[in-house]
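Open your viewer and keep the selection box at hand. This tour goes stop by stop.

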Amino acid sequence: MTMNDQALLEAARDGDEDTFSQLIGSHRAALHAHCYRMLGSAQDAEDALQETLLNAWRALPRFEGRSSLKSWLYRIATNACLKMIERRPRRVLPIDYGPAADPHDPFAQPLVESVWLEPYPDTGIELEDRLASPDARYEKRESVELAFVAALQHIPARQRAVLILRDVLAFSAKEVAEALEMTPAAVDTALQRAHKTVDQRLPAQSQQATLQALGDDRLRELVGGFVDAWERADVSSVVAMLAHDATITMPPRPTWYRGQAAVASFLRAVALAADKRWRLLPVNANGQPAFGEYLWNARTQTFVAEAVTVLTIADNLIADITSFRRPDLFAQFGLPDHLEP
């Protein structure tokens with residue numbers, strides 16, 4: 001710790017809450033992102049972060065500095081997440097919940113339980129990018145991609161914690177063992193098992209590698225073309241940008257579709273039907289291109305918040321459209337709740 005940090009620590013131990021906030025301020029965003037990886041929900045991550053800060057404040061007089069402040073905070077945050085995981089089901093995407101639907105069948109009703117993975121604003125990982133360790137196996141943006149966070153939810157909670165602490169945050173096996181009350185050998189075993197499960201579920205190339213290979217100009221062209229086609233309800237143009245086996249999912253509805261033909265049928269009949277008008281505002285979520293989608297409301301004569309939609313790109317085409325149909329998510333992305341015509 002720097003001399004300034006040490007002085008802040010001593011003042012915080014004496015009960016100065018403002019000094020405590022200053023001391024942990026540089027860790028706050030990174031801790032929130034860590035909790036999101038563990039829990040798959042930005043709101044759950046916020047709850048875990050608040051519990052972490054409260055527990056850290058209460059335990060601060062007992063912090064002797066034998067470990068770094070950073071590792072001490074992550075130990076508290078990880079254990080807060082593990083306790084939350086014990087109390088609720090894992091969060092998944094619709095493709096992991098059930099089989100693809102026939103576009104001619106009726107929509108399934110939304111599931112109100114907290115079972116769905118949630119999107120994460122890129123602003124939450126910007127600070128982490130600056131603090132990234134060269135020893136980390138996964139880049140910070142790569143480690144919040146939808147596919148990666150979804151894969152994490154399929155491994156046991158303690159294995160999940162080990163993988164994140166070792167491969168994303170680059171803590172040593174000894175540090176992880178101390179945080180989780182395991183032996184270093186048990187940490188290594190858990191990491192190997194976690195790798196096996198996660199590697200089976202991840203695509204061959206991360207979104208960060210895909211977007212880098214695509215290039216900024218082509219990405220802008222693809223994103224701009226999607227926005228234009230969607231707002232014009234041009235189903236043919238949207239479908240032309242899709243991979244052959246592309247999917248569209250719409251949590252909290254479990255219904256989802258796979259393949260250009262099925263997606264096209266759904267778009268024509270429902271999403272881009274003649275009675276729908278849309279406006280899209282680009283944002284960034286999970287290190288991927290995304291949009292706030294606004295649907296025209298004839299009663300209010302405005303476009304109202306409808307969904308935060310995240311695109312997954314593969315081979316110069318759109319592989320997945322994931323529309324989180326949760327207007328309450330818009331505030332997390334700094335988006336207004338309505339747009340004037």
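What follows is a walk through a predicted model, with a selection to make at each stop.

**Stop 1: Glu-118**

Select Glu-118. You are in the loop between helix H5 (94–97) and helix H6 (126–130). Is Glu-118 buried or exposed? Glu-118 counts as buried, because its relative accessibility is 5%, and the cut-off for buried is under 20%.

Now show its side chain and look for partners. The side chain of Glu-118 reaches the backbone nitrogen of Ala-42 at 3.1 Å. A polar contact of 3.2 Å also joins this side chain to that of Arg-326. Widen the selection to everything Glu-118 touches, leaving out residues up to four places away in sequence. You should pick up Tyr-36, Gly-40, Ser-41, Ala-42, Gln-43, Arg-91, Phe-324 and Arg-326.

**Stop 2: Tyr-97 and Trp-116**

Stay with the H5–H6 loop and turn to aromatic rings. The model holds 12 aromatic pairs. One of them to select is Tyr-97 with Trp-116: the ring centres are 5.1 Å apart and the planes sit at 55°, so the pair is tilted. Tyr-97 belongs to helix H5, while Trp-116 lies in the loop between H5 and H6. The two are 19 residues apart, and the pair links distant parts of the chain.

Colour both by accessibility. Tyr-97 is partly exposed, at 44% relative accessible area. Trp-116 counts as buried, at 6%.

**Stop 3: more rings**

Select Phe-226, Trp-230, Trp-278 and Phe-291. Ring pairs link these four into a cluster. Next, add Arg-277 and Trp-296. Arg-277 lies over the face of Trp-296, at 4.5 Å from the ring centre.

**Stop 4: strand S6 and its partners**

Switch to the cartoon view and select residues 317–324, which form strand S6. How many of its eight residues are buried? Six are, and the strand is mostly covered.

Add strand S5, residues 302–314. S5 and S6 pair in the antiparallel sense over seven bridges. For an example, click Val-310: its bridge partner in S6 is Thr-322. The two strands form a hairpin with two residues between them. Click Asp-315 in that turn and check its backbone: phi is positive, at about 50°.

Now bring in strand S1, residues 242–250. S1 and S6 run parallel, joined by four bridges. Thr-247 has Asp-320 as its bridge partner in S6.

**Stop 5: His-244**

Stay on strand S1 and select His-244, one of the residues found there. Is His-244 buried or exposed? His-244 counts as exposed, because its relative accessibility is 67%, and the cut-off for exposed is over 50%. Neighbours within four places in sequence aside, His-244 is in contact with Gly-259 and Gln-260.

Then use the distance tool from His-244 to Val-92. Their C-alpha atoms are separated by 24 Å, and the two residues are 152 apart along the chain.

**Stop 6: Cys-35 and Cys-81**

Finish with the cysteines. How many disulfides does a search of the whole structure find? The search finds zero.

Select Cys-35 and Cys-81 to see a pair that falls outside the limit. The sulfur of Cys-35 has its closest cysteine sulfur in Cys-81, 3.6 Å away, which is too far for a bond. The cut-off for a disulfide is within 2.5 Å. From the other side, the closest cysteine sulfur to Cys-81 is that of Cys-35. Check accessibility last. Cys-35 counts as buried at 0%, and Cys-81 counts as buried at 0%.

Methods
Residues numbered from 1 in each chain as written. Predicted model: local features only at pLDDT ≥ 70, side-chain atom pairs only at ≥ 80, totals over all residues. Heavy atoms only, no water. Buried < 20%, exposed > 50% of the residue type's maximum accessible area, 1.4 Å probe, protein only. Polar contact = N/O pair within 3.5 Å; in protein donor to acceptor, adjacent residues only side chain to side chain. Contact = heavy atoms within 4.5 Å. Pairing = 2+ DSSP bridges. Phe/Tyr/Trp six-rings, centres within 6.5 Å; stacked < 30°, edge-to-face > 60°. Lys NZ or Arg CZ within 6 Å of the ring centre and 35° of its normal.
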